[in-house]
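Colleague: I am new to this structure and would be grateful for a close look at one of its pockets. Please describe that part and then the helices and side chains connected with it.

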Amino acid sequence: TWLHRIPTGLKLGALALFSFVILPVDDWRLLTGLLALPLALYASCGRDGLKRMRLLAQLWPILIAIGLLQLYAADWRAALSSLSRLVLMVALADIVTMTSTMQAMMDAIHPFLKPLRFVGLHPRRLVLAVTLVIRFVPILMEHWAARAEAWRARGGRRMPIRAIAPFIADTLRFSDRLAET
């Protein structure tokens, strides 16, 4: 898509800049209106983009918990602002990872981490770790969605809290296989 042709460094920079700009914004109307941006970007990626957008539906339980905490601590405006900001950032970050290769992300991040070698850290290792985290969050969300769907197919309504432990175990096995590779 047209988003794949944009340099990864530019996409990551735009994401960082957008994050800094919207962080102090508290107007729930503006933040909820901005949700049209990731929706339009997903739609511009075609059918695959819209399918990818469905992965964000797995965040609803977390979003509800955050919203309830915000309602308790502040009011509905603060809750709506926080949730809108969170969904915006997660969706835009997902779009960047969806339209960028891992190598391109590593190449874009590496210059910023080079100065850390002066304090004894290895920039290439850090770049790989950061890139793997960014890249595999959507994959882990897909695994969670598959588990939830399997649970519902077996007759369960919601996945119980006890389903988290096997998911973590599978995630650790996945990371071991990845490390071996």
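Modeller: The account below begins with the whole chain, turns to the second largest pocket, and then follows the helices around it.

This is a predicted model, in which local features need pLDDT of at least 70 and side-chain atom pairs count only at pLDDT 80 or more, while totals for chains, interfaces and linings use all residues. Residues are numbered from 1 along each chain as its sequence is written, and side-chain values use heavy atoms, with hydrogens and water left out.

The protein chain contains ten helices and zero strands. Here helices (H or I, at least four residues) and strands (E, at least two) are DSSP runs, numbered from the N terminus. In sequence order the pattern is α-α-α-α-α-α-α-α-α-α. The C-alpha trace spans about 50 × 40 × 35 Å along its principal axes. Of the 181 residues, 31% are buried; that word means under 20% relative accessible area, exposed means over 50%, and partly exposed lies in between (1.4 Å probe, protein chains only).

The pocket itself calls for a word on method. Rolling a probe the size of a water molecule over the atoms shows where empty space is left. On a 1 Å grid over the protein atoms alone, a cavity is a set of points where a 1.4 Å probe fits but cannot get out, whereas a pocket is an open set with protein on both sides within 12 Å along at least five of seven lines; lining residues have an atom within 4 Å of a point. Grid points are joined across faces, edges and corners, and a volume is the space filled by probe spheres set on the points.

The second largest pocket holds about 360 Å³ of space. Its lining consists of 17 residues, and those closest to its centre are Leu 35, Leu 56, Trp 60, Leu 63 and Val 87. Helix 4 (36–44), helix 6 (60–73) and helix 7 (76–98) are the elements that give two or more residues to this lining. Helix 7 supplies the largest share, five residues. Sorted by class, the lining has 15 nonpolar, one polar and one charged residues, where Ala, Val, Leu, Ile, Met, Phe, Trp, Tyr, Cys and Pro count as nonpolar, Asp, Glu, Lys and Arg as charged, and the others, Gly among them, as polar.

Helix 6 also takes part in a feature of the surface. Trp 60, Ile 64, Leu 68, Leu 71 and Trp 76 form a nonpolar patch there, with about 550 Å² of accessible area together. Patches are made of residues with over 30% relative accessible area and no salt bridge; like charges are joined within 9 Å, and nonpolar side chains (Val, Leu, Ile, Met, Phe, Trp, Tyr) within 5 Å. The areas come from the Shrake-Rupley method with a 1.4 Å probe, and for residues only the protein chains shown count as cover. Helix 6 gives the most to the patch, with four residues. Ile 64 has its place in helix 6 and is partly exposed, because its relative accessible area is 48%. Leu 68 also lies in helix 6; at 52% relative accessibility, this leucine counts as exposed. Between Leu 68 and Ala 79, eleven residues apart in sequence, the C-alpha to C-alpha distance is 7.5 Å.

Helix 7 can be followed through its charged side chains. Side chains of opposite charge can pair when their charged atoms come close. A salt bridge is a side-chain nitrogen of Lys or Arg within 4 Å of a carboxyl oxygen of Asp or Glu, and a search of the whole structure finds four. In one of them Arg 52 pairs with Asp 94, with 2.8 Å between the closest N and O atoms. This pair links distant parts of the chain, as Arg 52 is in helix 5 (residues 47–53) and Asp 94 is in helix 7, 42 residues apart. Arg 52 is buried, with a relative accessible area of 16%, and Asp 94 is buried at 8%.

Arg 77 and Asp 75 form another salt bridge, at 3.1 Å from N to O. Arg 77 is partly exposed at 41% relative accessible area, and Asp 75 is partly exposed at 29%.

Ala 93 belongs to helix 7 as well, and this alanine counts as partly exposed because its relative accessibility is 29%. The C-alpha atoms of Ala 93 and Lys 114 are 23 Å apart, with their positions 21 residues apart along the chain.
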